[in-house]
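Student: I'd like a close look at one part of this chain. Pick a single spot, tell me what surrounds it, and then work outwards from there.

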Amino acid sequence: KRHLISAADLTRDDAILVLDTAEEMARVADRPIKKLPTLRGRTVVNLFFEDSTRTRISFEAAAKRLSADVINFSAKGSSVSKGESLKDTALTLEAMGADAVVIRHHFSGAPHRLATSGWINASVVNAGDGTHEHPTQALLDALTMRRHLSGVGRDLEGRRITIVGDVLHSRVARSNVLLLTTLGAEVTLVAPPTLLPIGVETWPCRVSYDLDAVLATSDAVMMLRVQRERMNAAFFPTEREYARRYGLDGLRMAALPEHAIVMHPGPMNRGMEITAEVADSPRCTAVEQVANGVSTRMAVLYLLLGGSEPAIAPAARPDN
Ligand code: CP
């Protein structure tokens with residue numbers, strides 16, 4: 001079985017195959033009938049132990065557009081709240097014949113455990129584990145950057161990407177650093193020293209504490225959500241002080257090169273890491289990132305489950 005647990009699992013060729021396949025899947029969304037028969041008869045389980053809006057809905061939409069049967073499992077309201085373990089939950093899914101399990105969990109490493117435990121015989125996709133990784137978010141972010149910065153079909157070689165904010169708690173930042181460097185981009189992290197993880201100096205990127213110093217040379221600026229739910233209340237940064245040093249407002253956005261885009265994985269803390277003016281501006285790709293998430297997840301499910309027929313039959317290609 002093949003799994004997607006970490007962005008580090010992907011070689012440059014793997015990543016480009018996912019992105020190119022996602023571009024093909026995006027063409028399906030432009031057709032009057034958005035569905036493909038490729039995963040008919042397959043079962044995809046969305047196993048969410050932690051809250052989600054975008055990731056859960058887009059995996060569901062992606063699986064349905066590939067004609068898979070979808071089972072949505074939310075820990076809230078399930079027997080997990082009675083103390084049922086991950087193992088027994090997994091054995092239950094196995095008994096129901098899951099072909100792929102998309103898992104979000106508050107523990108870093110839970111998807112890896114599920115993939116290597118032998119409890120299930122399904123492909124495992126990490127939909128965000130604790131503060132560790134969120135590889136499909138990094139892929140949809142790369143798709144968005146590639147569309148704006150390189151044109152379809154090319155990679156991000158030499159592009160300068162700045163990731164700003166609560167890196168300490170961000171699985172999005174870690175997956176993006178890994179994937180973007182695999183694709184040849186140069187990544188700079190900008191954060192207060194207290195919101196950088198121990199060992200960040202070993203990551204394949206630069207680190208800065210000064211947002212204003214890097215704006216003019218950034219092709220994309222990705223703002224991270226300040227994750228208060230993962231912080232001890234005593235360490236909450238004050239909104240005003242954080243926004244003054246690390247928030248993106250209209251003035252800072254004006255310092256970016258004309259072609260540069262502003263990204264945010266969502267959900268956003270408007271007024272903290274990003275002002276409403278920037279979030280709602282045409283340069284902000286947050287909503288486009290969500291749309292790209294569906295085609296990216298279609299590509300991941302298709303490539304992992306190896307659909308019984310080509311994703312898009314030649315006759316169905318819009319350019320034929
Ligand atoms: N970007 C992201 O993972 O959003 P959700 O938590 O809403 O899925």
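**From one helix residue to the domain contact**

Tutor: Let's start with Ala63, which belongs to helix H2 (residues 54-65) in what is, keep in mind, a predicted model. Ala63 counts as buried because 26 other C-beta atoms lie within 10 Å of its own, and 20 would already be enough for that label. Setting aside residues up to four places away in sequence, the ones touching Ala63 are Leu39, Val44, Ala68, Val70 and Leu301. For a sense of scale, go 29 residues along the chain from Ala63 to Thr92, and you find their C-alpha atoms 20 Å apart.

Now follow H2 back to its start at residue 54. Arg54 and Thr55 are among the residues around the ligand, along with Ser52, Thr53, Gly128, Gln137, Pro265, Gly266 and Pro267. Sort that shell by class and you get 6 polar residues, 2 nonpolar and 1 charged. The ligand lies between domain 1 (7-133 + 293-316) and domain 2 (135-288) because both of them give residues to its shell.

That takes us to the two domains themselves. Their C-alpha centres are 25 Å apart. Where they meet, 26 residues of domain 1 face 23 residues of domain 2. On the domain 1 side, helix H1 (12-29), strand S4 (123-129) and H11 each put in at least two residues. H1 has the largest share of that side, with 8 residues. The classes on the domain 1 side come out as 11 nonpolar, 8 polar and 7 charged.

H11 is worth following from here, so let's take its packing against H1 and then against another helix. The axes of H1 and H11 are 7 Å apart, at an angle of about 120°, and the crossing is right-handed. From H1, the contact uses Leu17, Val18, Thr21, Ala22, Met25, Ala26 and Ala29; from H11 come Val294, Ser295, Thr296, Met298, Ala299, Val300, Tyr302 and Leu303. No charged residue takes part in the contact of H1 with H11: the split is 12 nonpolar and 3 polar.

Then there's helix H5 (residues 135-149), which packs on helix H11 (residues 286-305) at about 115°, with 8 Å between the axes. H5 passes H11 in a right-handed crossing too. H5 brings Thr136, Leu139, Leu140, Asp141, Leu143 and Thr144 to this contact, while H11 brings Glu288, Gln289, Asn292, Gly293, Thr296, Arg297 and Val300. Here the classes are 4 nonpolar, 6 polar and 3 charged. Thr296 and Val300 of H11 turn up in the H5 contact as well as in the H1 contact.

Last stop: go back along H1 to Arg12, which is in that helix. Arg12 is partly exposed because it has 14 other C-beta atoms within 10 Å, a count that falls between the cut-offs of 12 for exposed and 20 for buried. Leaving out neighbours within four places in sequence, Arg12 is in contact with Thr182 and Leu183. Both of those fall within the range of domain 2 (135-288), whereas Arg12 falls within domain 1 (7-133 + 293-316). As for Glu133, that residue is 121 places along the chain from Arg12, with 18 Å between the two C-alpha atoms.

Definitions and conventions
Residues are numbered from 1 along each chain as its sequence is written. This is a predicted model: local features need pLDDT of at least 70, side-chain atom pairs count only at pLDDT 80 or more; totals for chains, interfaces and linings use all residues. Helices (H or I, at least four residues) and strands (E, at least two) are DSSP runs, numbered from the N terminus. Two residues are in contact if their C-beta atoms, placed from the backbone, lie within 7 Å. A residue is near a molecule or strand if its C-beta atom, placed from the backbone, lies within 6 Å of it. Ala, Val, Leu, Ile, Met, Phe, Trp, Tyr, Cys and Pro count as nonpolar, Asp, Glu, Lys and Arg as charged, and the others, Gly among them, as polar. Domain bounds come from an automatic or database domain assignment. Axes are lines fitted to C-alpha atoms, for helices over the stretch in contact, and angles run from 0 to 180 degrees between N-to-C directions. A crossing is left-handed if the near helix is turned anticlockwise from the far one by less than a right angle, and right-handed if clockwise.
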